Amino acid sequence: MLLALAPAAVTATSFIAPAKWADLPADKQKILAPLSSEWANLESWRKKKWLEIADRYPKMTRQEQERFQQRMRTWVRLTPEERKAAREKYRNIQKASSEQREAVKQLWSEYETLPDDEKQRLREAAAKSAPGGASGTGKAGQNR
Amino acid sequence: MIQKDFALASASELADFLASVERKAFKQALFAVRNEDDALDIVQDAMFKLSDKYRAKPVTELPLLFQRILQNTIRDHYRRQKVRSAWTTLLSAFSSDDEDADPLESLPTASVSGLGNPQASLEQDQLIAIIERELNRLPPRQREAFLLRYWQDMDIAETAAAMGCSEGSVKTHCSRATHTLAAALKARGVELS
Amino acid sequence: MKYENNEAEFAARVCRILDQDVAGIDARVAEKLRHARQRAVARQAELSLATASATGGGHGIFQSLHRHHRGVLATLALLMGAFGMHVWQEHRELETMAEIDMALLSDEVSPGAYLDQGFMAWLDRLSQHEEYLLPE
């Protein structure tokens, strides 16, 4: 999916997002189903953002929608810092060459084959060496 | 005790061999990578690798073995340079910050010619410098073939094995190298005796 | 003078010059080479005196490589630590964020790649073992 950063023609951010999950239109509820339990806890700007996403959701391919559904739940439970960091890195990688993006993909799938205890050791090593202490334990890495 | 004596004898044999080849090996590496520190590293690396294999080899095989190890080590150096720069680019793209990564690849340093031999005349110094410059101007494979075959006294088959190419290629590289060098020297009005 | 018929002879003359060059090698470099030789000989002596199940000689070779890693590690310090964020304007941010989140969450690559600190540590480690080639 191409990341288009051009300003959207229509934005839905001016309306007030329903505070209660039950007040969401049915079609939005269907798309954002994994968020139902968290919905009340989200800040209003995040609610707006998710509704924005739900608007664009039909444009994604079936495969993209599936991935999206699988990952939503974990994503919304991350700390704000974790999400910010992930977005930054994602943007940087999108700017990189296709070879590098491909490299990230292959390296990640290789990393996933590592035994769990080794991954845990790596995470602990990273947490120790991070200056200022990165927030989050990286458990979101199990996100598929 | 006998074992110890034997070990010491072979250690000094290795030491003698290395002492006889180390300077030339350094120059060889320097022509290839154009950086003194890298060349020293390469020679050290090659010496270690030779010492690892030393026990199994008769001493007459050492010169050729060492040359092959040296060439392989130089090749590894090139490969690492390439890998290093690919990693830098990837990791910097992965960074959370927008800063440029520190460029790691060292560009070939300009001058290769060594400092003058205090005993040599100025003329000799200049001649050395000229030869070095013209050698450095050659395409890498031609230079490699020339130095291995003529300077390191390897025959065509040995050179081909060390370079990983055919014997025909070795002959072509050598012939082109010599022609280019001869023409270059002639153009400068230099005659060799 | 024609050298075409005397390739070997010409080459021999060139090589004599090169030999002079070698003979006149810088004293500092000669010293370093001598040390390198001594290290190699010591290592070989060590190996031959050891018992049948000889241990390896250690990572002597790679010591000299780590000088070159400073640049990589400096970059990685950025990875590991500072999320270095600017403050976003909400309106613009929301749009962009929605787009990014959508892309991120539906991308082929799992968000884990951008979140898992262990992955970062692993990449770091790989980049230091330079025999690991990046996939083409």
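A helix here is a DSSP run of H or I at least four residues long, and helices are numbered from the N terminus. The model is predicted, and the stops below follow its aromatic rings.

Over all chains, the structure holds 11 aromatic pairs. Start by selecting A:Tyr111 and C:Phe119. Their rings form a tilted pair, with 5.3 Å centre to centre and 55° between the planes. Colour by chain next: A:Tyr111 lies in helix H5 (residues 98-112) of chain A, while C:Phe119 lies in helix H7 (residues 117-128) of chain C, so this pair joins two chains.

Switch on the surface. Is A:Tyr111 buried or exposed? A:Tyr111 has a relative accessibility of 1% and counts as buried, because the cut-off for buried is under 20%. C:Phe119 is likewise buried, its relative accessible area being 1%.

Keep C:Phe119 selected and add C:Trp122. These two rings form a stacked pair, at 6.1 Å centre to centre and with 25° between the planes. Both residues belong to helix H7 of chain C; they are three residues apart, so about one helical turn separates them. C:Trp122 is buried as well, with a relative accessible area of 7%.

Now add A:Trp108 to the selection. Ring pairs link A:Trp108, A:Tyr111, C:Phe119 and C:Trp122 into a cluster.

For the last stop, return to A:Tyr111 and show A:Lys119. Where does A:Lys119 lie relative to the ring of A:Tyr111? A:Lys119 lies over the face of that ring, at 5.6 Å from the ring centre.

Notes:
Residues numbered from 1 in each chain as written. Chains lettered and ligands numbered in written order. Predicted model: local features only at pLDDT ≥ 70, side-chain atom pairs only at ≥ 80, totals over all residues. Heavy atoms only, no water. Phe/Tyr/Trp six-rings, centres within 6.5 Å; stacked < 30°, edge-to-face > 60°. Buried < 20%, exposed > 50% of the residue type's maximum accessible area, 1.4 Å probe, protein only. Lys NZ or Arg CZ within 6 Å of the ring centre and 35° of its normal.
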